[in-house]
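Q: Please take a close look at one single part of this model, and then follow its surroundings outward to the rest of the assembly. A long, connected answer would be welcome.

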Number of protein chains: 2
Amino acid sequence: MIKRTLSNELLGSLGQAVTLQGWVRRIREVSAGLVFLIVADRGGETQVVLSGSLTTQLPTVESVVEITGVVQTSRSRVFPHELAANQLTVLSQAEPLPFPINQAELGVGLDIMDKFRPLALRHPLYQDVFRVQHRLLAHFAEFFSQQGFTRVSTPKMVATGTEGGAELFKIDYFGETAYLAQSPQFFKQMLVGAGFERVFEMGPVFRAEAHHTSRHLNEFISLDIEMGFVEDVNVLMDLEESFLRSLLQDLHERFSTITIAPELPTIPRLPLGEALGIIHREHGKVSEDGNIDPEGERLICQWAEREHGVPAAFLHSYPRHIRPFYALPGVKNAGLTESFDLIFRGQEITTGGLRQHQLNLLLESMRERGLTPEKYEFYLQVFRYGMPPHGGFAIGAERLTMQLLGLKNIREASVLPLM
Amino acid sequence: MIKRTLSNELLGSLGQAVTLQGWVRRIREVSAGLVFLIVADRGGETQVVLSGSLTTQLPTVESVVEITGVVQTSRSRVFPHELAANQLTVLSQAEPLPFPINQAELGVGLDIMDKFRPLALRHPLYQDVFRVQHRLLAHFAEFFSQQGFTRVSTPKMVATGTEGGAELFKIDYFGETAYLAQSPQFFKQMLVGAGFERVFEMGPVFRAEAHHTSRHLNEFISLDIEMGFVEDVNVLMDLEESFLRSLLQDLHERFSTITIAPELPTIPRLPLGEALGIIHREHGKVSEDGNIDPEGERLICQWAEREHGVPAAFLHSYPRHIRPFYALPGVKNAGLTESFDLIFRGQEITTGGLRQHQLNLLLESMRERGLTPEKYEFYLQVFRYGMPPHGGFAIGAERLTMQLLGLKNIREASVLPLM
C-alpha cells in the first residue's frame with residue numbers, strides 16, 4: 001500500500017519522494033508547461049509544481065488527486081517547501097462548483113451554505129469551527145471525568161416531556177405516542193440517585209420550537225452534568241467557571257481563532273432581580289414578565305464587561321414561576337429558586353441549579369402546576385429510596401462554540417443543521 | 001461548606017475527624033448500644049460504628065446519611081479502617097425496598113430490574129458495568145482523536161432512512177413526516193468528503209425492530225468512524241483490531257471484571273463463504289439465505305478460539321445482495337463486496353467496509369435496488385465535487401460492553417433501557 005504524506009509532514013522529507021493525496025484547492029497556470037496546484041488535505045495545504053506533460057490535462061478545482069513527487073524548497077512566501085510532481089492521478093474529478101471555496105472569506109449566505117453544506121465545510125474557517133467543537137467536547141469529557149463524573153447515555157425516545165407537553169416532537173413508537181427528549185434532566189437526576197452520584201452526558205436534545213432565530217436549533221448537543229451531595233448553588237457555578245477557565249486555556253494552546261482572552265476574570269454573580277434593576281437604571285428598559293430577554297442578556301454582558309472586565313454574568317435566584325417544578329425553592333426566599341443561568345457574551349449558554357430532593361415537597365410542587373405525579377412515577381421512584389441533595393447544569397455545545405468563535409448564527413456551529 | 005471525605009480517602013485520615021456522606025447499605029446490630037453501618041459512596045464502602053444514643057433511632061437501609069466521626073483502625077477483615085461516629089444526620093430516609101440490593105448477586109429478574117432500575121443500578125456489579133462503559137467511550141474518543149479523526153454530531157431527525165423504509169421510527173416534524181436516524185452512515189461519508197477526511201461519532205441510533213431478543217435494543221449508542229483515502233478493506237480491520245487491543249489494555253489496568261485476556265491474539269479474517277463452509281463441515285449446518293445467523297456466529301467464534309486462540313473473527317467478502325447499495329463491489333469478484341463484520345465472542349459487534357465513491361457507479365447501484373436517487377441528493381451531492389475513496393465501520397457500544405463483561409442480556413449494558 002502507498003504510504004501517504006500529509007501537508008504538515010512534508011518538512012521532514014526534503015529531497016525525498018513522497019505521495020500526497022487531497023483536494024485541488026487552487027490552480028495557477030504560470031506559463032506553458034508550468035502549473036502550480038495548491039492541494040489541501042487534513043494536515044493543511046501544499047504547493048505542487050506540475051511541468052511538461054503533466055500540465056496537458058489538468059484536474060478541475062476540488063478534484064481529489066494523488067500526486068507523487070520530490071519535496072524541494074520553494075521560492076513562495078507562503079510555502080517554504082513544495083512538491084515537484086512526477087505523477088498525478090485523479091481519484092475523483094469534480095464538476096464545476098456552485099461557488100468558489102478558495103477565497104479568504106466564503107462569501108455566500110447561509111441559505112447557499114445549507115444547500116451545499118459539505119462543499120462549504122471545506123473552507124478552512126469551517127474546518128476550524130468543528131475542530132474547536134471537537135476539542136470542546138473532548139475537554140468537557142476529560143474535565144468532568146477527572147472530577148469523578150461517570151458518562152451516561154440516556155434514552156432519547158421518552159414517554160413524557162420534562163415539563164409538560166410544549167415543544168415536544170411526537171414519535172410513533174409501535175403504534176403508541178412517544179416523544180423526543182427535550183433534555184436528559186429526569187434521567188440524570190435518577191442516575192445521581194442510582195449511586196453514580198456524579199454523571200455527565202453529551203448527547204442530542206430536541207426542541208420543537210417553530211421560530212427560526214440565529215440562536216435556536218431544533219436539535220442540538222447538550223452537555224449535561226448532575227451531582228449529588230451539593231447544597232449550595234455556588235458550588236455549581238464554581239464548577240462551571242473552573243470548566244470554562246480550563247477549556248479556554250486548552251483551546252488557546254491549540255487554536256488562534258478563539259476570540260476571547262485565555263485568562264478569564266471572575267464572572268460576577270447577581271440575582272436576576274438585580275440584573276433587571278441595572279438594565280432598567282442604565283437603559284430605561286422594563287421587563288414585562290419578570291425575566292430577562294435577549295436584549296437584556298446583551299446589556300447585562302456589556303455591564304459585566306465594563307464593571308468586571310468579563311463579558312459574562314451568572315444570574316441567579318430566578319422566581320419560582322419561571323423555573324421548572326423540580327427547582328429547589330430559595331433557602332432565604334421561597335418565592336425564588338436556587339437556580340442560575342450563565343449569560344456569556346450576550347447569550348444564555350447554561351441553565352442550572354439545585355433540585356428539590358424531598359419527595360413530599362416535589363409532589364407538592366408538581367400538583368401546584370397541575371402535573372399528575374402518577375405519570376412521572378419512573379422519575380419519582382428513586383426519591384423514595386434515598387435521594388441525596390443534588391443539582392447540575394446543561395451547556396448548549398453549539399451556543400458555546402458560537403460564542404467562543406464570535407459566529408453570527410448558530411447554524412454555523414452545527415456541522416449538518418439539516419431539515 | 002462541609003468538606004466531604006470519600007470511602008477510598010479514609011486511609012489518609014487515620015485519627016482525624018471527617019465527614020462521610022452516602023447510602024446506608026447494611027445495618028448490623030451487634031449488641032445493645034452498638035451498631036455497625038456499611039455506608040456506600042462513589043469511592044466504595046465504609047464501616048461506621050454507632051454507639052450509645054446514636055443507636056436509638058437508626059436510619060433505614062438505603063437512606064442517605066451524613067456522618068461525622070473519627071477514623072480508627074478496625075478489627076474487621078474487610079475494612080482496615082472504620083469511622084467511629086459522633087454525629088449522624090439523615091438527609092433522605094428510604095422507604096422499605098422492593099428487594100435487597102446488599103447481596104453479592106442482585107438475584108432479581110430483568111423485569112424487576114427494569115421496574116426498579118435506579119435502585120438496581122446501585123448494586124456494585126452494575127456500577128461497575130457503567131464505569132467500564134464510560135471508559136470504553138472515553139477510550140474510543142481518545143484513540144481515534146490521536147489518529148486524526150474529528151468528532152462530529154450529525155442529525156438524528158432525518159428526511160430519509162439509509163436503506164429505504166424498513167425499521168424506521170416516524171416523527172411528526174412540524175406536520176411533515178421525518179424519521180429517527182438508523183445510523184449516521186450518509187452523514188459520516190458526507191463529512192469525509194467535506195474535507196475532514198476522518199470523522200467519528202458516538203451517538204444514539206434508532207431501530208424500529210419489534211422483536212425483543214437478548215441482543216437488540218430499539219435505541220443504542222453507535223460508535224462510528226469513517227475515513228478517506230483508504231482503498232484496502234484490511235486497513236479498516238487493522239484499525240479496529242488496534243483499537244480493541246488498546247481498549248483491552250486500558251480496561252485491564254482499571255477493572256478486574258473484564259472477562260477476556262488483555263493480550264488479544266491476531267483475529268482471523270476469512271470470507272463469509274469460507275466461514276459458512278466451516279460451519280457446514282463441522283456442524284452440518286446449512287445457511288438458507290447465504291448469510292450467517294446467530295447460531296453460526298457462536299460456532300465460528302468457537303472455531304476461531306480453537307484454531308487461533310481468540311474468540312473472534314472478521315468475516316469479509318459478503319455478497320452484494322445482503323449489503324447496502326453503497327458497499328464497494330469486490331475488486332476481484334463484483335458479486336461480492338469489500339465489506340466485513342466483526343464477530344466477537346459469538347455476536348456481531350461491528351459492520352464496516354469500503355464504500356462506492358464513484359457517483360456513476362453509486363447511482364447504478366441505487367437504481368438496481370429500486371431507490372430514487374433524487375430523494376438522496378443531499379447525500380449524493382458531495383460525490384460531484386471531489387470524493388476520495390473511503391470506508392469505515394460502526395461498533396455497538398452496548399454490544400461491546402456486554403461481550404467484554406460476559407453479560408447475558410444487552411439490557412444489562414444500557415443504563416436506562418426504558419420503554
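A: Helices and strands are taken here as DSSP runs, a helix being H or I over at least four residues and a strand E over at least two, numbered from the N terminus. The model is a predicted one, in which local features need pLDDT of at least 70 and side-chain atom pairs count only at pLDDT 80 or more, while totals for chains, interfaces and linings use all residues. Residues are numbered from 1 along each chain as its sequence is written, and chains are lettered from A and ligands numbered from 1 in the order in which they are written.

The part chosen is helix α7 of chain A, residues 294–308. Its expected span (1.5 Å times one less than its number of residues) is 21 Å for 15 residues, and the end C-alpha atoms do lie 21 Å apart, which agrees. After α7(A) comes Gly309(A), with a positive phi near 70°. Buried residues (20 or more other C-beta atoms within 10 Å, as against 12 or fewer for exposed and partly exposed in between, with C-beta atoms placed from the backbone) are found in α7(A) at Gly296(A), Glu297(A), Leu299(A), Ile300(A), Cys301(A), Trp303(A) and Ala304(A). These buried residues pack, by contact (C-beta atoms, placed from the backbone, within 7 Å), against α6, β13 (312–316), β14 (339–344) and β15 (347–355) of chain A.

One of those partners, helix α6 of chain A (residues 272–283), contains Leu272(A), which counts as buried because 24 C-beta neighbours lie inside 10 Å. Beyond its neighbours within four places in sequence, Leu272(A) is in contact with Ile292(A), Leu315(A), His316(A), Ser317(A) and Tyr318(A). Of these, His316(A) is 44 residues from Leu272(A) in sequence, yet the two C-alpha atoms are 5.6 Å apart.

Ile300(A), from the buried set of α7(A), also belongs to the largest nonpolar core (buried Ala, Val, Leu, Ile, Met, Phe, Trp, Tyr and Cys residues joined through C-beta atoms within 7 Å). That core has 212 residues, and Val39(A), Ile300(A), Ala313(A), Val39(B), Ile300(B) and Ala313(B) touch the most other members. Another core lies apart from it, with 20 residues, among them Val158(A), Phe169(A), Ile171(A) and Ala181(B).

Ile171(A) leads on to the partner chain, since its bridge partner in β8(B) is Ile171(B). The two β8 strands, residues 170–173 in chain A and in chain B, pair (at least two DSSP bridges between strands) in the antiparallel sense over three bridges. Across the whole interface, 75 residues of chain A are in contact with 76 residues of chain B. On the side of chain A that touches chain B, helix α3 (residues 124–146) of chain A gives the most, with eight residues, and that side divides into 43 nonpolar, 16 polar and 16 charged residues (Ala, Val, Leu, Ile, Met, Phe, Trp, Tyr, Cys and Pro counting as nonpolar, Asp, Glu, Lys and Arg as charged, and the others, Gly among them, as polar).

To set α7(A) within its chain, chain A has 10 helices and 16 strands, and buried residues make up 47% of its 419 residues. Elsewhere in chain A, five strands form a closed barrel in the order β1-β2-β3-β5-β4, with mixed pairing. Within chain A, strands β4 (residues 64–73) and β5 (residues 81–92) run antiparallel and are joined by 10 bridges, with Ser92(A) in β5(A) as the bridge partner of Val64(A).

How values were computed: Contact = placed C-beta atoms within 7 Å.
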